[in-house]
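User: I'd like to learn how to read a model like this one, feature by feature. Could you walk me through it?

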Amino acid sequence: DIMNEVNNTLKEGLIAATTAIVGNILEHEPLASYSDEHPVVIDRVIDIITGCSPGRLCQLVVSTISVVLEQGNGEGDAADEVKEAIVDGMKGSFEDGSFFGAIPSDTVICPEMASVDDMARPGLAPG
C-alpha cells in the first residue's frame with residue numbers, strides 16, 4: 001500500500017523525485033518558484049488494470065504541485081504559462097527517464113517489485 005507506506009517508502013521517493021524535477025523545471029521558468037512551505041503532495045494512487053501489459057504493475061499517481069508565482073505574475077497568461085511548463089516538463093521527465101532517476105536509490109518500492117534501478121531502465125518503468 002503506497003499511500004500508507006506499508007512495506008515501502010515509494011510515496012516519499014515519488015515526492016522527492018517530483019520536487020527535484022519541479023525544481024529543475026522552474027530553474028528555466030522565471031515567472032514562478034518552488035517553496036518548501038507548500039510541498040508536493042501525493043493525493044492518491046490508483047491501480048490501472050485496463051491497458052496494463054501482463055506482468056507489469058500500472059498505477060496512476062495523483063499529485064498536487066504548488067508553486068509561487070513571482071509578484072505581478074498572479075493572473076492570466078503567466079499562470080497558464082507556468083502550468084504548461086510544469087506539465088510539459090513532468091511529461092518529458094517520464095519520457096527521458098530523469099523522473100525515475102530522481103527517485104532516491106534507497107527507496108523501498110515493495111519487496112516483490114523491481115528496484116528503483118529497474119524502474120529507470122526502458123521497458124521496466126511503471127506504466
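**Reading the model, step by step**

Analyst: Let's start with one residue: Glu70 is partly exposed, at a relative accessible area of 32%. Keep in mind that this is a predicted model.

User: Where does Glu70 sit, and which residues does Glu70 touch beyond its sequence neighbours?

Analyst: Glu70 belongs to the loop between strand S4 (68-69) and H2. Setting aside residues up to four places away in sequence, Glu70 touches Pro30, Leu31, Ala32 and Ser33. Take Ala32 from that list: its C-alpha is 5.2 Å from that of Glu70, although 38 residues separate the two in sequence.

User: What about Ala79: how far from Ala32 is Ala79?

Analyst: Ala79 lies in helix H2 and is partly exposed, with 29% relative accessible area. C-alpha to C-alpha, Ala79 and Ala32 are 8.6 Å apart, with their positions 47 residues apart in sequence.

User: Let me zoom out. How many helices and strands are there, and in what order do the elements run?

Analyst: The protein has four helices and four strands. Read from the N terminus, the order is α-β-β-β-β-α-α-α.

User: What share of the protein is buried, and what share of the contacts reaches far along the chain?

Analyst: For burial, the cut-off is under 20% relative accessible area. Of the 127 residues, 30% are buried. For contacts, take pairs at least 6 apart in sequence: 59% of these join residues at least 24 apart. As for the surface, the protein exposes about 7900 Å², and carbon and sulfur atoms supply 51% of that.

User: How do I check the length of a helix, say H1?

Analyst: Compare the expected span with the one in the model. Helix H1 covers residues 10-26, so at 1.5 Å a residue its 17 residues should span 24 Å, and the end C-alpha atoms are indeed 24 Å apart.

User: And how do I read which way the residues of a helix point?

Analyst: An α-helix has 3.6 residues a turn, so residues three or four places apart point the same way. Now look at the buried residues of H1: Leu10, Lys11, Gly13, Leu14, Ile15, Ala17, Thr18, Ile21, Val22, Ile25 and Leu26.

User: Which elements cover the buried residues of H1?

Analyst: The cover includes strands S1 (32-33), S2 (41-48) and S3 (58-64), along with helices H2 (77-96) and H3 (98-102). You can follow one piece of that through Ser93, which is found in helix H2.

User: Is Ser93 buried or exposed, and what does Ser93 contact?

Analyst: Ser93 counts as buried because its relative accessibility is 3%. Leaving out neighbours within four places in sequence, Ser93 is in contact with Ile21, Ser98 and Phe99. Try Ile25 as well: the C-alpha atoms of Ser93 and Ile25 are separated by 9.8 Å, and the two are 68 residues apart along the chain.

User: What does Pro104 show, further along?

Analyst: Pro104 has its place in the loop between H3 and helix H4 (116-120). With 28% relative accessibility, Pro104 counts as partly exposed. Its C-alpha is 8.7 Å from that of Leu14, and the two residues are 90 apart along the chain.

User: How do I look for disulfides, and how many are there?

Analyst: Search for pairs of cysteine sulfur atoms within 2.5 Å. Over the whole structure that search finds one disulfide, joining Cys52 to Cys58 with S to S at 2.1 Å. The angle about the S-S bond is 80 degrees, and the link of Cys52 and Cys58 is right-handed. Both Cys52 and Cys58 are buried.

User: Last one: which residues form a nonpolar patch on the surface?

Analyst: A residue needs over 30% relative accessible area to be in a patch. Here Ile46, Ile48 and Leu60 form one, and together they have about 210 Å² of accessible area. Of these, Ile46 is found in strand S2 and counts as partly exposed at 32% relative accessibility.

Key: Residues numbered from 1 in each chain as written. Predicted model: local features only at pLDDT ≥ 70, side-chain atom pairs only at ≥ 80, totals over all residues. Heavy atoms only, no water. Helix = DSSP H or I, 4+ residues; strand = E, 2+ residues; numbered from the N terminus. Expected span 1.5 Å × (residues − 1). Buried < 20%, exposed > 50% of the residue type's maximum accessible area, 1.4 Å probe, protein only. Contact = heavy atoms within 4.5 Å. Patch = residues over 30% accessible without salt bridge, like charges linked within 9 Å, V, L, I, M, F, W, Y side chains within 5 Å. Areas by Shrake-Rupley, 256 points an atom, 1.4 Å probe, with all protein chains shown as cover. Salt bridge = Lys/Arg side-chain N within 4 Å of Asp/Glu carboxyl O.
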